[in-house]
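Work through the exercises below with the sequence and the 3D view side by side, and try each task before reading its solution.

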Amino acid sequence: MARLLFSDSFVEDLSRVQSQRVYRRIVSLVSYLGDMPEMGSPDIPAAARRRYGNGARKLVASPFDVLYVYDAEHDEVHVDGLVHQRAL
């Protein structure tokens with residue numbers, strides 16, 4: 001099981017989500033990353049790739065995307081961003 005690591009900016013952005021339904025969906029999806037770290041799509045916009053790196057992946061939790069990087073060598077998932085889909 002991969003270790004989940006959360007950036008301060010992700011935690012801060014998550015705390016600002018006003019809808020409890022969306023908040024729970026985000027938390028639920030992220031919890032799967034420990035067992036399935038490559039489940040997210042590598043198809044992300046160029047701007048997000050520049051910000052989060054070439055190995056970045058996304059999970060869709062409308063209206064947000066969770067951006068993360070899986071470090072297979074260390075078996076760690078770095079959950080780095082929560083971005084509104086309109087911002088990408």
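The exercises that follow concern a predicted model, and each solution goes step by step.

**Exercise 1. An aromatic pair**

Task: Find how the rings of F6 and F10 are arranged, and decide whether the pair counts as stacked, tilted or edge-to-face.

Solution: Begin with the count, which comes to one aromatic pair. The ring centres of F6 and F10 lie 5.8 Å apart and their planes meet at 25°, so the pair is stacked, because planes under 30 degrees apart count as stacked. Next, look at how much of each residue can be reached from outside. F6 has 40% relative accessibility and therefore counts as partly exposed, whereas F10, with a relative accessible area of 2%, is buried.

**Exercise 2. The nonpolar cores**

Task: Determine which residues of the largest nonpolar core touch the most other members, and which helices and strands each supply at least two residues of this core.

Solution: The largest nonpolar core has 18 residues, and those that touch the most other members are F10, I26, V66, V79 and L82. Turning to where the members of this core come from, at least two residues are supplied by each of α1 (8-15), α2, β2 (56-61), β3 (64-71) and β4 (76-84). Apart from this core lies another one, made of six residues, including I44, A56, L67 and V83. As background, nonpolar side chains in soluble globular proteins tend to be buried together.

Now take V79 as a single example and leave out residues up to four places away in sequence: V79 then touches L5, F6, S7, F10, V30, L33, V66, L67 and Y68.

**Exercise 3. Salt bridges**

Task: How many salt bridges does a search of the whole structure find, and which of the residues E12, D13 and R16 are joined into one network?

Solution: The search finds three salt bridges. In general, side chains of opposite charge can pair when their charged atoms come close.

1. The side chains of R3 and E76 meet in a salt bridge, at 3.5 Å from N to O. This pair links distant parts of the chain, since R3 belongs to strand β1 (residues 3-6) and E76 to strand β4, with their positions 73 residues apart in the count. At 16% relative accessibility, E76 counts as buried.
2. E12 forms a salt bridge with R16, and their closest N and O atoms are 2.4 Å apart. E12 is partly exposed, at 42% relative accessibility, while R16, with a relative accessible area of 53%, is exposed.
3. D13 and R16 also meet through their side chains in a salt bridge, at 3.4 Å from N to O. D13 has 26% relative accessibility and counts as partly exposed. Salt bridges that share partners thus join E12, D13 and R16 into one network.

**Exercise 4. The surface and the chain end**

Task: Identify the residues that make the nonpolar surface patch of about 270 Å², and state whether R86 is buried or exposed.

Solution: The patch is made by Y32, M36 and M39. One of these residues, M36, has its place in the loop between α2 (20-31) and α3 (46-52), and at 40% relative accessibility M36 counts as partly exposed.

R86 is placed in the segment after β4, and with a relative accessible area of 80% R86 is exposed. To finish, compare R86 with A2: the two are 84 residues apart in sequence, and their C-alpha atoms are 30 Å apart in space.

Definitions and conventions. Residues are numbered from 1 along each chain as its sequence is written. This is a predicted model: local features need pLDDT of at least 70, side-chain atom pairs count only at pLDDT 80 or more; totals for chains, interfaces and linings use all residues. Side-chain values use heavy atoms; hydrogens and water are left out. Rings of Phe, Tyr and Trp (its six-membered ring) pair if their centres lie within 6.5 Å; planes under 30 degrees apart count as stacked, over 60 as edge-to-face and the rest as tilted. Buried means under 20% relative accessible area, exposed over 50%, partly exposed in between (1.4 Å probe, protein chains only). Patches are made of residues with over 30% relative accessible area and no salt bridge: like charges are joined within 9 Å, nonpolar side chains (Val, Leu, Ile, Met, Phe, Trp, Tyr) within 5 Å. Accessible areas come from the Shrake-Rupley method with a 1.4 Å probe; for residues, only the protein chains shown count as cover. A salt bridge is a side-chain nitrogen of Lys or Arg within 4 Å of a carboxyl oxygen of Asp or Glu. Helices (H or I, at least four residues) and strands (E, at least two) are DSSP runs, numbered from the N terminus. A nonpolar core is a set of buried Ala, Val, Leu, Ile, Met, Phe, Trp, Tyr and Cys residues joined through side-chain atoms within 4.5 Å. Contact means heavy atoms within 4.5 Å.
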